[in-house]
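Q: Please take a close look at a single part of this model, and then describe what surrounds it along the chain. Keep it plain, and state the cut-offs.

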Amino acid sequence: MDKYRVLLVEDDVEISEMLKNYLSTENYEVVCAYDGEEACSKFFASQFHLVLLDLMIPKINGMDVMQRIRRDSYVPIIILSAKDSESDKTLGLGLGADDYVTKPFSVVEVLARMKAALRRTQLYDNRPAPLPEILKAGELVMNLSDYTLAKNGNIVDLTAKEFEILKLLLQNPKKVYTKEQIYSLVWNDAYYGDENAVNVHISRLRNKIEGDSRNPRYVLTVWGIGYKMGDV
């Protein structure tokens, strides 16, 4: 592959041009969009390896753009935002973002985050197909060949991270995983004490697969240690 194609969604022309020029010197092909409608149009009209997404954009906001992308794609999404509150970060990660960079940022930091996300994707894509192809627990049926999850025969929409967390637990139903282990195995990256990312994804996963997320049957908390698969 000669170049990675990046969709840069940023309504600030100065920031957009700065990032595009810098990334171009690093051998990335950058396609710019300046509002949510343009972002969706360009994303679904072509193929991209990564999306850099500002949240505060016109016409369709960044969160809605991300949700539309996540309906059809697991492409890495890195949020670029002046919103730095924990609630905004939690919401962004929960809706499917792979990383969150707060403005003002350095282009060097953005590039480093991009390389990490693309490296994880490459490792993920090159991984041989695991066996068995079907994993089952109670009402859940996970198909590893087409990366789908069904509950009682109905497809459950999961983000890439949610799917990987559940797959990890399903493949090792007797094992208790710490948050550090989950982060390292699912994110394929070093753990720096960021429990929030794991907590958010576990919470979102429970909301999707549990009958009562406050009394889970599938993803159980082992207090003081981490998480395990329920005996269902």
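A: Helices (H or I, at least four residues) and strands (E, at least two residues) are taken here as DSSP runs and numbered from the N terminus. The model is predicted, so local features need pLDDT of at least 70 and side-chain atom pairs count only at pLDDT 80 or more, while totals for chains, interfaces and linings use all residues. Residues are numbered from 1 along each chain as its sequence is written, and side-chain values use heavy atoms, with hydrogens and water left out.

The part chosen is helix α1, which spans residues 13-25 and so has 13 residues. From first C-alpha to last, α1 reaches 18 Å, close to the 18 Å expected at 1.5 Å a residue; the expected span is 1.5 Å times one less than the number of residues.

Which residues of α1 are buried? They are Ile15, Ser16, Leu19 and Leu23, where buried means under 20% relative accessible area, exposed over 50% and partly exposed in between (1.4 Å probe, protein chains only). These buried residues cover an arc of only 100° around the axis, which puts them on the same side of α1. The arc is taken over the directions from the helix axis to the C-beta atoms. In general, an α-helix has 3.6 residues a turn, so residues three or four places apart point the same way. Glu14 and Thr25 are exposed and sit on the face of α1 turned away from its buried side.

At the start of α1 there is a polar contact: a side-chain oxygen of aspartate 12 comes to within 3.0 Å of the backbone nitrogen of glutamate 14. A polar contact is a pair of N or O atoms within 3.5 Å; within protein, one must be able to donate a hydrogen and the other to accept it, and residues adjacent in sequence count only if both atoms are side-chain atoms. After α1 comes asparagine 27, which has a positive phi near 75°.

Strands β1 (residues 4-9) and β2 (residues 28-33) run parallel and are joined by six bridges; two strands pair if DSSP finds at least two bridges between them. Leucine 8 stands opposite cysteine 32 in β2. Five of the six residues of β1 are buried, so β1 is largely enclosed by the rest of the structure. For β2, five of its six residues are buried as well, so it too is largely enclosed by the rest of the structure.

Asparagine 27 leads on to other backbone angles. Most residues other than glycine have a negative phi, and most peptide bonds are trans. Lysine 59, not a glycine, has a positive phi of about 70°. It is found in the loop between β3 (50-54) and α3 (62-70) and counts as exposed at 63% relative accessibility. Asparagine 152 has a positive phi near 55°; it lies in the loop between β8 (148-151) and β9 and counts as exposed at 53% relative accessibility. A cis peptide bond, with omega about -5°, joins lysine 103 and proline 104, and proline 104 lies in the loop between β5 (99-102) and α5 (107-126).

Strands β8 and β9 belong to an open antiparallel sheet of four strands in the order β6-β7-β8-β9. β6 (134-137) and β9 (154-155) stand at the edges, each with a single partner strand, so one side of each is left without a neighbour in the sheet. Four bridges join β6 to β7 (residues 140-143), and leucine 135 stands opposite methionine 142 in β7.

In the loop between β9 and α6 lies threonine 159, buried with a relative accessible area of 8%. Leaving aside neighbours within four places in sequence, threonine 159 is in contact (heavy atoms within 4.5 Å) with Tyr74, Leu95, Gly96, His201 and Lys208. Lysine 161, in helix α6 (residues 160-171), counts as buried at 10% relative accessibility. Not counting residues up to four places away, lysine 161 touches Asp98, Val186, Trp187 and His201.

For the chain as a whole, the secondary structure comes to eight helices and twelve strands. Buried residues make up 46% of the 232 residues. Of the contacts with a separation of 6 or more, 57% are between residues 24 or more positions apart. The accessible surface (Shrake-Rupley method, 1.4 Å probe; for residues, only the protein chains shown count as cover) is about 11700 Å², with 49% belonging to carbon and sulfur atoms.
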